[in-house]
Amino acid sequence: MRKPAIVCVDDERSVLASLRDQLRHCLGADYQIELAESGDEAFEILDELNKQGSPIPIIISDQIMPGMKGDELLIKVHTLFPETIKIMLTGQANVDDVGNAVNRARLYRYISKPWHDIDLCLTVKEALRSYDLDRELTLKNQALQELNASLEAKVRERSAQLEERNRLLEDQNQQIEQLSLLKDQLISTVSHDLRNPIGSILGVSRLLLSLEDLRKDPEQMTGLIQQIHRSAERMFKLVNDLLDLSRIEQGMPPQWEVVNLGELLSQQLESFQPSFQSKSLAVVFEPPAADLTLIADATGLSQVFSNLISNAIKYTPQQGSITVSIQTQANRVAIQIADTGIGIPPEFLPLLFTKFYRVDNPTHRAEDGTGLGLAIVKSIVDQHQGQIEVESEVGKGSLFRVVLPLDSTSNSL
């Protein structure tokens, strides 16, 4: 890059020579000093410097010159080179000339002739410092604008990428939803298709079990038929559980109604009387002091308590006990089903409500259940915006606690 240039304009060669010598003495060899005896010559020099790429930090001009006056020159220079600092050095300018240059050319300083060497040197040095600061600020602003433009371009590019990713995610989510719907439809279809033949198997096996005249080995034949019957019952239970779980997970709305909780539990306990008696179980029911009603799906709650009571019976040994109690807690109600059964190891408790999870124990094999009962219980309780909790100790029994809201506004009728 060429040296910065200071352009001096005066119609007297002696003045120009004096300016050149003094500026070189003041500034050293860091700047080139260009001399012009008229405005036209000054513009030729400015044009050449501009083509060469030389910065022009200062122009110093006399006022009274043949042809173009100093203020006119500076105004024109300001139009073409607004960053160049303008200084008027003259002994004949009037107030109007100076004011014109100030207002239209942003005149930096007026110095009268004859000038003082120190004053001129200090003025030029201060003007150069101001020019450098302005130029540095301009360059920084340009760099900042370029950086902003680059950042904006990157933001636009990033936004476009995010939009594309979001579109792809939406497409994937739609595909997942479609696959999920297909899975639910498949489960529902298979379950319905299996239900009728399984029902037929159960009917035939019941009929065969009632026949007295069995061929060959009646005892062995009876055992086989009983095995068929047990298998069919388990398949039937599995199909029903799959249908129930599919219905819940597909978001089929519950049938909300006013439910008398004490009556519902009494009915459930009554239905299990034969099972209680077959194992000589002591059953304690602690109903609420007064009628307790809540907005709920009666069918869903019946299934919840049926599954929990059935499990309590299954895992409680002969002559054990089962206690069912109801406790109100502010705007909530807690239903507890406790037994004196074999209990559940603590490491299995977090997995109890997982689909198809079954635990082996000394009295029942894991395959005896479907692994869906407690998952269905949890799903129905969630539908009611409730919680289910479990406490258990091996060898002493288990307690299942279902907590439900009493406030009808928590559900949608």
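Colleague: What stands opposite Ile60?
Modeller: Ile87 in E4 does. This is a predicted model, where local features need pLDDT of at least 70, side-chain atom pairs count only at pLDDT 80 or more, and totals for chains, interfaces and linings use all residues. Residues are numbered from 1 along each chain as its sequence is written, and side-chain values use heavy atoms, with hydrogens and water left out.

Colleague: What makes E3 and E4 a pair?
Modeller: Strands (DSSP runs of type E, at least two residues, numbered from the N terminus) pair if DSSP finds at least two bridges between them. Strand E3 (residues 58–61) and E4 have four, in the parallel sense, so they pass.

Colleague: Why is Phe276 called buried?
Modeller: Buried means under 20% relative accessible area, exposed over 50%, and partly exposed in between (1.4 Å probe, protein chains only). Phe276 has 2%, so it's buried. Phe272, at 13%, counts as buried too.

Colleague: And why is Leu144 called partly exposed?
Modeller: Its relative accessible area is 45%, so it lands in between.

Colleague: How do you know that Phe272 and Phe276 form an aromatic pair that is tilted?
Modeller: Rings of Phe, Tyr and Trp (its six-membered ring) pair if their centres lie within 6.5 Å; planes under 30 degrees apart count as stacked, over 60 as edge-to-face and the rest as tilted. Here we get 6.4 Å centre to centre and 40° between the planes, so "tilted" fits.

Colleague: Why say that Lys76 sits over the ring of Phe43?
Modeller: The rule wants NZ of Lys or CZ of Arg within 6 Å of the ring centre and within 35 degrees of the ring normal. The charged end of Lys76 is 5.0 Å from the centre, so the distance fits, and it is listed as sitting over the ring.
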